[in-house]
Amino acid sequence: MRYRQTSVAIALGVSILSVPATAQVTVNTGLEFITGDYGKSSSTDEWRIPLGVSYRTGPWNFRLNAPISRVEGVANVVEQEAGSVATNSFVDSDDDGIIDDDDDDIDGGLGGGGGGGGSGSGSAASTSSLTSRTQTGLGDATASAFYTLLAPETSIVGLDIGGRIKLPIGSKNKCFLTNGEIDYTVQADVYQSFGRFEPFASVGWTKRGDPQRRDSSCSVVAGERVDLRDPLFFGFGSGFRINDASTVRIQYEYREKLRDRADPRSEAKVSYLYRIGESWRAGAFATTGFSDNSPDWSVGASISFRF
């Protein structure tokens, strides 16, 4: 099954790169740092190198992303607040992207603040003795397809609709990097420009896979799965175009909690995007979280090239 999932991701990447001359292909990478205590007595840190490619043709926009990550700490940043024998609470780190627009080749690489958050149900006494671990490797891939139903130039608002699938291609022995489950997301984005201001909003729903419970060595606990909710999420914000090359954005993102005892995900993000000629884009961002299921803060930078 894992071989099949990996093959699907590779095949999609090859199909994106094998495009007609009239299609628009963008590749992006960067560096991000995410940290938070997630309701525990010590912080969990993650360094991430996002890798992405997108293919835009007509009203369609296809994307494929996967990170290389190094996670160090006591909170599992992918296991969706579920809880294992050793760690008591797990953390979610999926990419609930906010908007696809002309600059999303940068924003997609920056992500939504990354490394997730915990349930906050463990006390300091119960978490102080947890062993810190470090895992490094390839994280799960995300493939998406969006269609521009209404163009902002000819309609009151622009409207994109689409879907996203998370493919668990990471090593199953590294449960800080993958939970081994497939997630499905549907999403709608609205946006428009009013002079220098570019407001936008998104709403969506995710069908979560129920991960198997794992022990402190990432081994599966036989017969036990974690029942996760299928959450709604939304986000809104605005960009301000400083000049033809520079844009500043501020946005807020919220996702429903995945378990009864968990917090929802709630965080804000500020980003800066800069066009370098016709092909290159650069960006930087910072986030702050407002719940135990969000990182305390994160920062990052990204660069992309458009063919």
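Strands (E, at least two residues) and helices (H or I, at least four) are DSSP runs, numbered from the N terminus. In this predicted model, local features need pLDDT of at least 70 and side-chain atom pairs count only at pLDDT 80 or more, while totals for chains, interfaces and linings use all residues. Residues are numbered from 1 along each chain as its sequence is written, and side-chain values use heavy atoms, with hydrogens and water left out.

A good place to start is Lys166, found in strand β6 (residues 158–167). With a relative accessible area of 13%, Lys166 is buried; that word stands for under 20%, exposed for over 50% and partly exposed for values in between (1.4 Å probe, protein chains only). The side chain of Lys166 meets that of Asn179 in a polar contact of 2.8 Å. Such a contact is a pair of N or O atoms within 3.5 Å; within protein, one must be able to donate a hydrogen and the other to accept it, and residues adjacent in sequence count only if both atoms are side-chain atoms. Beyond its neighbours within four places in sequence, Lys166 is in contact (heavy atoms within 4.5 Å) with residues including Asp140, Thr142, Glu181 and Asp183.

Ser202, in strand β8 (residues 197–207), is likewise described as buried, at 5% relative accessible area. Its side chain makes a polar contact of 2.6 Å with the side chain of Asp189.

Next come the nonpolar cores, sets of buried Ala, Val, Leu, Ile, Met, Phe, Trp, Tyr and Cys residues joined through side-chain atoms within 4.5 Å. The largest has 10 residues, among them Val25, Tyr55, Leu64 and Ile169. At least two residues of this core come from each of β2 (44–57), β3 (60–73) and β5 (141–150). Another core, of five residues, lies apart from it and includes Val71 and Phe176.

Aromatic rings offer a further view, with 14 aromatic pairs in the structure. Rings of Phe, Tyr and Trp (its six-membered ring) pair if their centres lie within 6.5 Å; planes under 30 degrees apart count as stacked, over 60 as edge-to-face and the rest as tilted. The pair of Phe236 and Tyr252 is tilted, because the planes stand at 50 degrees, with the centres 5.8 Å apart. Phe236 belongs to strand β11 (residues 232–241) and Tyr252 to strand β12 (residues 246–255), so the pair ties together parts 16 residues apart in sequence. Phe236 is partly exposed at 44% relative accessibility, as is Tyr252 at 23%. Both belong to one aromatic cluster with Phe234, Tyr254 and Phe290.
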